[in-house]
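Me: I am new to this structure and would like to understand how its parts come to be described as they are. Could you take me through the reasoning step by step?

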Amino acid sequence: MINERLGVYERDGLVQYILNGLPVYCHGKNDYHAFRFITSNFIHQGLCRKVDIERFFGVSGSSVQSSYKKFVEKGEAGFFGSDARHGKAHKIIGTEKKRYNQN
């Protein structure tokens, strides 16, 4: 239980959120965009607090805060729309950087 009203469980790679015993949302175990979206949505609706998410899932306060800010400013589109960030940026260092700069 995240708090007295909101719970979560994982089965077969799916994360299911329950509110007062009823299912309300589901996403894949590794779908971090959906995780950030729904937890921000729960915070915004007053169903839990930021600190509840931090403690229960072991995530940093800054990541919860930035996700919540994105939710307030952009809504669902900030997580799933064209504005949503996909993939990872990698920093080029060392010999790879030298090789890259020679081309």
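The questions and replies below deal with a predicted model.

Me: What makes S1 and S2 a pair of strands?

Reply: Two strands pair if at least two bridges are found between them, and S1 and strand S2, residues 14-19, are joined in the antiparallel sense over six bridges, so the condition for pairing is met. Within this pairing, Val 8 stands opposite Tyr 17 in S2.

Me: Why are S1 and S3 said to stand at the edges?

Reply: The sheet is an open one of three strands in the order S1-S2-S3, with antiparallel pairing. Strand S1 (6-11) and strand S3 (22-28) each have a single partner strand, and therefore one side of each is left without a neighbour in the sheet. On average, neighbouring strands of this sheet are turned by 25° against each other, direction ignored.

Me: How do you know that the length of H1 agrees with what is expected for its 13 residues?

Reply: At 1.5 Å a residue, the 13 residues of H1 should span 18 Å, and because its end C-alpha atoms are 18 Å apart, the two values agree. Just after H1, Gly 46 takes a positive phi of about 80°.

Me: What makes a residue of H1 buried, and which residues are they?

Reply: Buried means under 20% relative accessible area, and the residues of H1 that are buried are Ala 34, Phe 35, Phe 37, Ile 38, Thr 39, Ser 40, Asn 41, Phe 42 and Ile 43. These buried residues pack against S1, S2 and S3, and also against helix H2 (50-57), helix H3 (61-74) and helix H4 (77-80).

Note on methods: Residues numbered from 1 in each chain as written. Predicted model: local features only at pLDDT ≥ 70, side-chain atom pairs only at ≥ 80, totals over all residues. Heavy atoms only, no water. Helix = DSSP H or I, 4+ residues; strand = E, 2+ residues; numbered from the N terminus. Axes fitted to C-alpha atoms, helices over the stretch in contact; angles between N-to-C directions. Expected span 1.5 Å × (residues − 1). Buried < 20%, exposed > 50% of the residue type's maximum accessible area, 1.4 Å probe, protein only. Contact = heavy atoms within 4.5 Å.
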